[in-house]
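Subject: Structure handover

Hello,

Here is the structure I promised to pass on. Please open it first, then read my notes below.

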Amino acid sequence: MGSTLTFSAGPWLWPALAAGAGALAALAWGYYRAAGHPWRWGLAALKALGCAALALCLLEPTWVRQRARPGANLFAVIADNSQSLQVRDPGATRARGEELRDLLDPTRAAWPGALAATFDVRRYVLDARLQASPDFRDLTFKGRASALGHGLRAVSERLSGRPLAGILLFTDGNATDLRGGLPADLARLPPVYPVVIGRPGAVRDLSLAQVGFTQSAFEDAPVDVQAEVVAGGFAGRPVTARLLDRSGKVLQEQTREVRRDGETLAFRFRFKPAEPGLSFHELRVSPPPGEEASEATRVNNQRVITVDRGRGPLRVLYVSGRPNWEYKFLNRAIEGDEQLQLVGLIRVAKREPKFDFRGRAGETSNPLFRGFGNQAPEDVQRYDQPVLVRLNTRDELELRAGFPRTPEELFGYHAVIVDDLEAEFFSADQAALLQRFVSERGGGFLMLGGIESFQEGRYHRTPVGEMLPVYLDRSAGESAGPAKVQFQLSREGWLQPWARLRETEGEERARLETMPPFEVLNRVRALKPGASAIASVRDEKGTELPALAVQRFGRGRTAALMVGDLWRWGMRDAAAQEDMARSWRQLVRWLVADVPGRIQVSAEPVAGDPNGAQRLQVRVRDEKFQPVDDAVVSLEVEPVLLAGASSPPGPPLRLAAEPAAAEPGLHEASYVPRQTGGFRAVATVRGADGSDLGRAETGWSSDLAAEEFRLLQPNVALLEELARRTGGRAVLADELDDFVRRLPELRAPVMETWTQPAWHSPFFFAFALACLLAEWGLRRWKGLP
């Protein structure tokens, strides 16, 4: 802060002015007599300055300054204790942490004593959490994270309400909790003065910067893994990426050559996990053999990947109005899939309320069932009831009464397929229940084309028709008769992996051209808003009509396949039959992919938590898929041992999940990992009466060390922005002593006024004497009187 010059002896102002005026008059008269001499006015000025300096002392000039009151203000010193301080910069003989220790050592540096002379210093070490430190001797540089944002907030909260003058932050700036930039609340902190540890420049290192993967919920669908590797200092050298399973077996391996320093290499792997459910894999990158020791660190060379394939069987109810070819091919396609189970309910005879033939005299039951089981009136199927055949049922009781009539019966399935069945087959309650199955339970629904489907089946203005993705109010001029049409994918269909059967566009187009023309098509007016056309057909006139449409409906999804004779595709040859089987499997898999179970468990990272804490959420529903709040939910979290792990996994931990107020049926618990690797969480749910409601599992991976070493160069830009927002400035290590000496002059919460008499300074008297002596000497030298 600036200084102000004031005059303490105010009453001496007029006497000093009078004395100065008299001296000035005497000087003017004396030098007036030396008229014509060129030096006279210069000599007069020298004597006048000397006299003025002496007269100024009569006014007692005083410097007034503001400075931080010694001992009244707090100053926080934070030292980064994370693993990134173990890195050795290019050209450096020591690691960053060793240089930081020297900076903090009061026997080697002068600034700690200077800071403590004015401020009450509070010392902290920071990694994943903030800890007080008396003398920084507990710095180990083994922290798994650099939670700068969390640490700065914690200091501000701990010293809230106290005069905190500023924060001196020693770090390399690689904050693991500020990857997305500085949050707005950091601007409310006191001034932060970052001291950058480390030198700019490329570090020789391989780093897995980004790892992502896509998966489906089925065992034989591939998992795609995408990885980005930043290669610094390896220009012209090969880099190898390996995908390993839990046992350490190499599943795939790829090698790329680094063309320029700092290049980002892209790797992509596609594989099928060998086991269902939850599995753990590891991705590793490595330099050429013999060059591993040249890397700055190897901690950021591997990542754990968690793949959750789900466990079956996922049950699909197929309801048909008559035996047909579609069921044959659909059932054959799903038979070999352990994840799917197709349950059939096929009507072989319609209800005949007006049929008068009663068989033998006195017989009231259907003659088709004569001789089978009990023919009691309450158990037999009468003439006014349809004759249904059940296939692949779980037991003799499943679907015994026909199509389910209660949520407990229907909601046990994951999807329903209706094929060539009129709307009158369902009662009003069953139709409404089927709509609830999709909208509330989150199930999938598919209607196949046929002579009694869509508008021909009178589904217009019914609960089933409401959830279809197409309008059924076709105009009277449109014909529903047979026509030869050619199947093709729409623009949206090309973007959906489940709608394609080939790897490349050219191969897929060639496959579509070999498909036979179809002759049965249910024409619809248009797609509903929000629906997507996956496939279309083109008739002989070139008119394009929707063939396969999908949409979201409530929590579930619905699909409409307007082609009624898709079986013709499988009649061509064995290759076409295999293609059709794969197409059926992919369509049914998409239909049930996101259908929730009664017990669902998920793990989500806690936003902003520097320790990698996970929020475990368990959603519990009863047989009607209504939320259950009084369930007893327990969780067992177990670290997963991977081949090559540096330390054995810890013991399993049991947690009790508590009901959450935000959502009915939701139970939550938190888990903080203590090591890097994969984790498995198994939720066991019991009812309030002790009954077993089910169990579910989930998994995740924790790679805090990899995040810590994602970037190795000091993040100077982040630290400068932090200083700018808080009113501080970045400080170089070389200028730290000078900066700390000037700190008391900067604004602090508690300031004091400091005065220093300027006239007590020898400068004033030396200046006045020098002016008078110079005037006297020059005057004698020039021979003036």
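**Helix 12 and its cap**

Start at Aspartate 573, which caps the N-terminal end of helix 12. One of its side-chain oxygens lies 3.2 Å from the backbone nitrogen of alanine 575. Please keep in mind that this is a predicted model.

Helix 12 covers residues 574-592, which makes 19 residues. At 1.5 Å a residue, the helix should span 27 Å. Its end C-alpha atoms are 27 Å apart, so the expected span and the model agree.

Glutamine 586 also belongs to helix 12. Is glutamine 586 buried or exposed? Its relative accessible area is 11%, and buried means under 20%, so glutamine 586 is buried. Beyond its neighbours within four places in sequence, glutamine 586 is in contact with Pro497, Trp498, Ala499, Arg500 and Leu501.

**The chain overall**

The chain has 785 residues, and 47% of them count as buried. It holds 16 helices and 31 strands. Take the contacts between residues at least 6 apart in sequence: 73% of these join residues at least 24 apart. The chain exposes about 38300 Å². Carbon and sulfur atoms supply 52% of that area.

**Two arginines**

Arginine 347 sits in strand 16, residues 340-349. Its relative accessibility is 3%, so arginine 347 counts as buried. Which side chain makes a polar contact with that of arginine 347? The partner is glutamate 422, at 2.7 Å. Glutamate 422 is also among the residues in contact with arginine 347 once neighbours within four places are left aside. That list also includes Ser320, Gly321, Arg322 and Pro323. Pro386, Val387 and Leu388 are on it too. Leu421, Phe425 and Glu452 are further entries.

Arginine 259 is a loop residue, between strand 11 (250-257) and strand 12 (263-271). Why does arginine 259 count as exposed? Its relative accessibility is 68%, and exposed means over 50%. Arginine 259 and alanine 235 are 24 residues apart in sequence. In space, their C-alpha atoms are 5.5 Å apart.

**Two strand residues**

Alanine 266 lies in strand 12. At 55% relative accessibility, alanine 266 counts as exposed. Alanine 266 touches Ala227 and Arg256, not counting residues up to four places away in sequence. How many residues separate alanine 266 and glutamate 228 in sequence? They are 38 residues apart, yet 4.8 Å apart in space, C-alpha to C-alpha.

Glutamate 658 is part of strand 27, residues 653-659. Its C-alpha atom is 8.5 Å from that of valine 632, and the two residues are 26 apart in sequence. Leaving aside neighbours within four places, glutamate 658 is in contact with Leu666, His667 and Glu668.

**Two positive phi angles**

Most residues other than glycine have a negative phi. Asparagine 392 is not a glycine, but its phi is positive, about 60 degrees. Asparagine 392 is found in the loop between strand 17 (387-391) and helix 7 (407-410). With a relative accessible area of 40%, asparagine 392 is partly exposed.

Phenylalanine 625 is not a glycine either, and has a positive phi of about 60 degrees. Where does phenylalanine 625 lie? Look in the loop between strand 25 (614-620) and strand 26 (632-640). Phenylalanine 625 has a relative accessible area of 6%, so it is buried.

**Aromatic rings**

The structure holds 16 aromatic pairs. Which residues form one aromatic cluster? Phe75, Phe119, Tyr193 and Phe739 do.

Charged side chains sit over rings as well. Arginine 204 lies over the face of phenylalanine 234, at 3.9 Å from the ring centre. The charged end of lysine 328 sits over the ring of phenylalanine 329, 5.6 Å from its centre.

That is the tour. Over to you.

Best wishes

Terms used:
Residues numbered from 1 in each chain as written. Predicted model: local features only at pLDDT ≥ 70, side-chain atom pairs only at ≥ 80, totals over all residues. Heavy atoms only, no water. Helix = DSSP H or I, 4+ residues; strand = E, 2+ residues; numbered from the N terminus. Buried < 20%, exposed > 50% of the residue type's maximum accessible area, 1.4 Å probe, protein only. Expected span 1.5 Å × (residues − 1). Polar contact = N/O pair within 3.5 Å; in protein donor to acceptor, adjacent residues only side chain to side chain. Contact = heavy atoms within 4.5 Å. Phe/Tyr/Trp six-rings, centres within 6.5 Å; stacked < 30°, edge-to-face > 60°. Lys NZ or Arg CZ within 6 Å of the ring centre and 35° of its normal. Areas by Shrake-Rupley, 256 points an atom, 1.4 Å probe, with all protein chains shown as cover.
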